[in-house]
Amino acid sequence: MAAAPAHDLTALRDAVAAGTTTAESVCAGVLDAARKANPTINAFHELFEEQAMAAARKVDADVRAGRPLPPLAGMPIAVKDNIATTVGRTRSEEHTSELQS
């Protein structure tokens, strides 16, 4: 399956939803690009590869089952380290406990 142009999120989302590409192939491509670029750009503290690929496989299963998808299903994202999250290292770790309560 061919991937949609990386710069067109709408086309990429539509291609995943239509089954002309898979969320897993999109995710693998983005992770590969991040691993290759990061030594130069130092943009990522952590890549949650296993979690990302598992989420992508779930989206692909939903597509195959004909289930409706949320608007950004299968779309790769990066979260800046100043955003509090429940996983990974952040600069906002003091707020993480608030998310876990």
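These are my notebook entries on a predicted model, taken element by element.

**Entry 1: the chain as a whole**

I began with the secondary structure. I counted four helices and zero strands in the chain. Read along the sequence, the pattern is α-α-α-α. I then looked up burial. Of the 101 residues, 23% count as buried. The chain exposes about 7000 Å². Carbon and sulfur atoms supply 57% of that exposed area. I also checked the contacts with a separation of 6 or more. Of these, 42% join residues 24 or more positions apart.

**Entry 2: the nonpolar core**

Which residues make up the largest nonpolar core? I listed eleven in all. Leu 12, Val 16, Ala 23, Val 26, Cys 27 and Leu 31 are among them. Met 53, Ala 56, Val 59, Ala 73 and Met 75 complete the set. Next I asked which helices feed this core. Helix 1 (9-18), helix 2 and helix 3 each supply at least two of its residues. Helix 2 gives the largest share, four residues. I noted the general background too: in soluble globular proteins, nonpolar side chains tend to be buried together.

**Entry 3: the largest pocket**

I turned to the largest pocket. Its space comes to about 1100 Å³. How many residues line the largest pocket? I found 36. Glu 46, Phe 48, Ile 77, Ala 78 and Val 79 lie nearest its centre. By class, the lining has 23 nonpolar, seven polar and six charged residues. Helix 2 (23-41) and helix 3 (49-65) each supply at least two lining residues. The largest share of the lining comes from helix 2, with seven residues. Helix 2 therefore gives the largest share here, as I had noted for the nonpolar core.

**Entry 4: Val 30 in helix 2**

I stayed with helix 2 and picked Val 30, which sits in it. Is Val 30 buried or exposed? Its relative accessibility is 38%, so Val 30 counts as partly exposed. I then took a C-alpha to C-alpha distance from Val 30 to Ile 77. The two are 47 residues apart in sequence and 9.3 Å apart in space. Ile 77 is one of the residues nearest the centre of the largest pocket.

**Entry 5: Asn 38 and Phe 44**

Further along helix 2 I looked at Asn 38. Its relative accessible area is 18%, so Asn 38 is buried. I set aside residues up to four places away in sequence. Asn 38 then touches Ala 43 and Phe 44.

Phe 44 was my next stop. Phe 44 lies in the loop between helix 2 and helix 3. At 27% relative accessibility, Phe 44 counts as partly exposed. What does Phe 44 contact, leaving aside its neighbours within four places in sequence? I found Ala 34, Asn 38 and Ala 78. I followed up on Ala 78. Phe 44 and Ala 78 are 34 residues apart in sequence. In space they are 8.3 Å apart, C-alpha to C-alpha. Ala 78 also appears among the residues nearest the centre of the largest pocket.

**Entry 6: Asn 42**

In the loop between helix 2 and helix 3 I also looked up Asn 42. Its phi is positive, about 50 degrees, although Asn 42 is not a glycine. Is Asn 42 buried or exposed? Asn 42 has a relative accessible area of 61%, so it is exposed. I set that beside Phe 44 in the loop, which is partly exposed.

**Entry 7: Asp 62**

My last residue was Asp 62, in helix 3. Why does Asp 62 count as buried? Its relative accessibility is 10%, and the cut-off for buried is under 20%. I then listed its contacts, leaving aside neighbours within four places in sequence. Asp 62 is in contact with Arg 67 and Leu 69.

Key:
Residues are numbered from 1 along each chain as its sequence is written. This is a predicted model: local features need pLDDT of at least 70, side-chain atom pairs count only at pLDDT 80 or more; totals for chains, interfaces and linings use all residues. Side-chain values use heavy atoms; hydrogens and water are left out. On a 1 Å grid over the protein atoms alone, a cavity is a set of points where a 1.4 Å probe fits but cannot get out, and a pocket is an open set with protein on both sides within 12 Å along at least five of seven lines; lining residues have an atom within 4 Å of a point. Grid points are joined across faces, edges and corners, and a volume is the space filled by probe spheres set on the points. Ala, Val, Leu, Ile, Met, Phe, Trp, Tyr, Cys and Pro count as nonpolar, Asp, Glu, Lys and Arg as charged, and the others, Gly among them, as polar. Buried means under 20% relative accessible area, exposed over 50%, partly exposed in between (1.4 Å probe, protein chains only). Contact means heavy atoms within 4.5 Å. Accessible areas come from the Shrake-Rupley method with a 1.4 Å probe; for residues, only the protein chains shown count as cover. A nonpolar core is a set of buried Ala, Val, Leu, Ile, Met, Phe, Trp, Tyr and Cys residues joined through side-chain atoms within 4.5 Å.
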